[in-house]
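Student: Walk me through this structure. I will ask short questions; please give me the reasoning and then the answer.

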Amino acid sequence: MTPEGQTERLLLRPISLADAEQIQALFPQWEIVKYLASRVPWPYPAEGARQFIEQDALPKMALGEAWTWTLRLKAEPERVIGMMDLRKGDEDNRGFWLAPEMHGQGLMSEACVWANDFWFETLGFNKLRLSKAVENVASRRISEKQGMRLVGTAERDYVCGRLMSETWEMTAEEWKEWKLKAV
């Protein structure tokens, strides 16, 4: 089961089919999709959000293979402003996107702290790994600020094309140490 979460300013609600319309209206923006993995269809299809929720997110959540949340401001709990997901596996355990008008406010950093706690403390995983385009500077800053280590580089395919990619990693112990220093 995927629980609800919250940070100082955000609500993280498990994704549902009821979210499809808002996600469909918000997601297909170049600023949001350009650094996402190339498996994201572009141009984004008219029923892309519904298909993603029905065929990917909900089945994986039901199997306990992934956890997906919509991000909402506490001040506007009915409005979807982004998404966060966690996935089992050896690579790419966390992904996210946020509406461009919400960038630069530290909202995704808040969501990542909550998600990291859930990953390590609730689910009990020992390692969190993720990949990101080198050009995705804002995403890299979150990883750096939260104590992750750069462990590799390689070329990968993104919606915007083939780019150099970085792999970042953190262990549960490193996360605990970061949290002690952050308090």
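Tutor: A definition first: two strands count as paired if DSSP finds at least two bridges between them. Also keep in mind that this is a predicted model.

Student: Over how many bridges do β4 and β5 pair?

Tutor: Pairing needs at least two bridges. One bridge partner of β4 and β5 is the couple M84 and F96, with F96 in β5. The two strands run in the antiparallel sense, and the number of bridges is 5.

Student: Which residue takes a positive phi in the hairpin of β4 and β5?

Tutor: There are 6 residues between the strands of this hairpin. The phi in question is near 130°, and the residue is G89.

Student: How many of the 5 residues of β5 are buried?

Tutor: Buried means under 20% relative accessible area. β5 is largely enclosed by the rest of the structure, because its buried residues number 4.

Student: Is D92 buried or exposed?

Tutor: D92 lies in the loop between β4 and β5. The cut-off for buried is under 20%. D92 has a relative accessible area of 18%, so D92 is buried.

Student: With which side chain does the side chain of D92 make a polar contact?

Tutor: Leave aside neighbours within four places in sequence, and D92 is in contact with R87, R129, L130, S131 and R156. The polar contact is at 3.0 Å, and the partner is R156.

Student: On to the sheet with β6, β7 and β8. In what order do its 3 strands come?

Tutor: β6 is joined to β8 by 7 bridges, and the two run antiparallel. β7 is joined to β8 by 9 bridges, also antiparallel. The sheet is open, and the order is β6-β8-β7.

Student: Why is one side of β6 and β7 left without a neighbour in the sheet?

Tutor: Both strands stand at the edges. The open side follows because each has a single partner strand.

Student: Which residue in β8 stands opposite L130?

Tutor: Take β6, residues 127-133, which is joined to β8. K132 stands opposite E166 in β8. For L130, the residue opposite is W168.

Student: How many residues lie between β7 and β8 in their hairpin?

Tutor: Y158 stands opposite G161 in β8. β7 covers residues 149-158, and β8 covers residues 161-171. The number between the two strands is 2.

Student: What angle does the direction of helix α6 make with that of β8?

Tutor: The sheet order is β6-β8-β7, and β6 and β7 stand at its edges. α6, residues 172-182, packs on this sheet and touches β7 and β8. The angle is about 75°.

Student: Now helix α5. Within what arc do its buried residues fall, seen down the axis?

Tutor: The buried residues of α5 are S139, R140, I142 and S143. They line one face of the helix, because they fall within an arc of 155°.

Student: Against which elements do the buried residues of α5 pack?

Tutor: Residues three or four places apart in an α-helix point the same way, so a helix can present one face. The elements that the buried residues of α5 pack against are β5, α4, β6 and β8.

Student: Last topic, salt bridges. How many does the structure hold?

Tutor: Side chains of opposite charge can pair when their charged atoms come close. The cut-off is 4 Å from nitrogen to carboxyl oxygen. The total is 20.

Student: How far apart in sequence are the parts that R13 and E78 tie together?

Tutor: R13 and E78 form a salt bridge, with the closest N and O atoms 3.9 Å apart. R13 lies in β2 and E78 in the loop between β3 and β4, so the sequence separation is 65 residues.

Student: Which residue forms a salt bridge with R79?

Tutor: The closest N and O atoms are 3.1 Å apart, and the partner of R79 is E101. This pair links distant parts of the chain, since R79 is in the loop between β3 and β4 and its partner is in the loop between β5 and α4. The partner is partly exposed at 46%, and its name is E101.

Methods
Residues are numbered from 1 along each chain as its sequence is written. This is a predicted model: local features need pLDDT of at least 70, side-chain atom pairs count only at pLDDT 80 or more; totals for chains, interfaces and linings use all residues. Side-chain values use heavy atoms; hydrogens and water are left out. A salt bridge is a side-chain nitrogen of Lys or Arg within 4 Å of a carboxyl oxygen of Asp or Glu. Buried means under 20% relative accessible area, exposed over 50%, partly exposed in between (1.4 Å probe, protein chains only). The arc is that of the directions from the helix axis to the C-beta atoms. Contact means heavy atoms within 4.5 Å. A polar contact is a pair of N or O atoms within 3.5 Å; within protein, one must be able to donate a hydrogen and the other to accept it, and residues adjacent in sequence count only if both atoms are side-chain atoms. Axes are lines fitted to C-alpha atoms, for helices over the stretch in contact, and angles run from 0 to 180 degrees between N-to-C directions.
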